[in-house]
Amino acid sequence: MRVYHGSLERVPAPEIRQATRTLDYGIGFYTTTSYQQAEDWVRKRMQDIGSSKGYVNEYELDTDSLETLHCVFFDSPTDEWIDFVMNNRLNKNFVHNYDVVYGPVANDRVYTCFTLYEGGVMSKQNLLAELRTYELVDQYLFHTEQALKALKFVKAKEILP
């Protein structure tokens, strides 16, 4: 299976970096099965910091190796997915022990709904109902060094403004 990682640099050797902000699935290396999602992210990041180029890095994911890892798969928005994302976003001390986490991307539109939920303006049931109307892109988080071994670098495509 092919997965993609948008970055301002070529990433032939994925690594886990400490984040400067809280992320939906915690610290790790994020990819998606959507080339377009990776490219859109790179273009937004390039615009945000005024960079003249970025890259969509492509990897082959050895799905058989996932069977030997501790994984959680959220195939769609669920109560458990919402709780997991909220714990990662709000609780700086939250740590999970998954090697790989798979599930929907909480993009800007989804983030707005999460903010309404967090502020008590929207109930969890309404949040779920709203999210189920969206076409959500997926993401894989590789949370451990062992999980990163499931990725093999294929190529990086340069993205220009």
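This is a short walk through two sheets, an aromatic cluster and two threonines in a predicted model.

I'll start with the three-stranded sheet. It is open, its order is β1-β3-β7, and the pairing is antiparallel. At the edges sit β1, residues 2–7, and β7, residues 151–159, each of which pairs on one side only. From one strand to the next the twist averages 25°.

Look at the pairing of β1 with β3. Strand β3 covers residues 54–61, and six bridges join it to β1 in the antiparallel sense. If you want a position to find on screen, take Gly6, which stands opposite Val56 in β3.

What lies across this sheet? Helix α1, residues 35–49, lies across β1, β3 and β7. Its direction is at about 5° to β1.

Now the other sheet. This one is also open, but here four strands follow the order β2-β6-β5-β4, and the pairing is mixed. The edge strands are β2 and β4, each pairing on one side only. Neighbouring strands are turned by 15° against each other on average, and that figure ignores direction.

Let me go through two of the pairings. β2 and β6 are antiparallel, with three bridges between them. Phe29 has Phe142 in β6 as its bridge partner. Strand β4, residues 71–73, runs parallel to β5, and three bridges join the two. Phe73 stands opposite Tyr102 in β5.

Is strand β5 enclosed or open to the outside? Strand β5 is residues 100–104, and five of its five residues are buried, so the strand is largely enclosed by the rest of the structure.

Next, the aromatics. The model has twelve aromatic pairs. Here is one of them: the ring centres of Tyr25 and Tyr30 are 6.4 Å apart and the planes are at 25°; pairs with planes under 30 degrees apart count as stacked, so this pair is stacked. Both of these tyrosines are buried.

Tyr25 has another partner, Phe84. Those ring centres are 5.9 Å apart with planes at 55°, so that pair is tilted. Why does this pair deserve a look in the sequence? Tyr25 is in the loop between β1 and β2, and Phe84 is in helix α2, residues 79–90, so the pair ties together parts that are 59 residues apart in sequence. As for exposure, Tyr25 is buried with a relative accessible area of 0%, and Phe84 is buried with 7%.

Which residues make up the cluster around these rings? One aromatic cluster is formed by Tyr25, Tyr30, Phe74, Phe84, Phe94 and Tyr98. A separate item concerns a charge and a ring: Arg89 lies over the face of Phe114, 4.9 Å from the ring centre.

That leaves the two threonines. I'll take Thr32 and then Thr133.

Thr32 is in the loop between β2 and α1. It is buried, with a relative accessible area of 5%. What does Thr32 touch, leaving aside residues up to four places away in sequence? The contacts are Val3, Tyr4, Gln37, Ala38, Val137, Asp138 and Gln139. One of these, Val137, is 105 residues from Thr32 in sequence, yet their C-alpha atoms are 7.7 Å apart.

The side chain of Thr32 also makes polar contacts with backbone atoms. A polar atom of that side chain lies 3.1 Å from the backbone nitrogen of Ser34. The backbone oxygen of Asp138 lies 2.7 Å from a polar atom of the Thr32 side chain.

Thr133 is in the loop between α4, residues 124–131, and β6, residues 138–142. Is Thr133 buried or exposed? Thr133 is exposed, with a relative accessible area of 59%. A polar atom of its side chain lies 2.6 Å from the backbone oxygen of Glu130.

One last distance: Thr133 and Gly54 are 79 residues apart along the chain, and 32 Å separates their C-alpha atoms.

To recap the threonines, Thr32 is buried, whereas Thr133 is exposed. That is where I'll stop.

Terms used. Residues are numbered from 1 along each chain as its sequence is written. This is a predicted model: local features need pLDDT of at least 70, side-chain atom pairs count only at pLDDT 80 or more; totals for chains, interfaces and linings use all residues. Side-chain values use heavy atoms; hydrogens and water are left out. Two strands pair if DSSP finds at least two bridges between them. Axes are lines fitted to C-alpha atoms, for helices over the stretch in contact, and angles run from 0 to 180 degrees between N-to-C directions. Contact means heavy atoms within 4.5 Å. Rings of Phe, Tyr and Trp (its six-membered ring) pair if their centres lie within 6.5 Å; planes under 30 degrees apart count as stacked, over 60 as edge-to-face and the rest as tilted. Buried means under 20% relative accessible area, exposed over 50%, partly exposed in between (1.4 Å probe, protein chains only). A charge sits over a ring if NZ of Lys or CZ of Arg is within 6 Å of the ring centre and within 35 degrees of the ring normal. A polar contact is a pair of N or O atoms within 3.5 Å; within protein, one must be able to donate a hydrogen and the other to accept it, and residues adjacent in sequence count only if both atoms are side-chain atoms.
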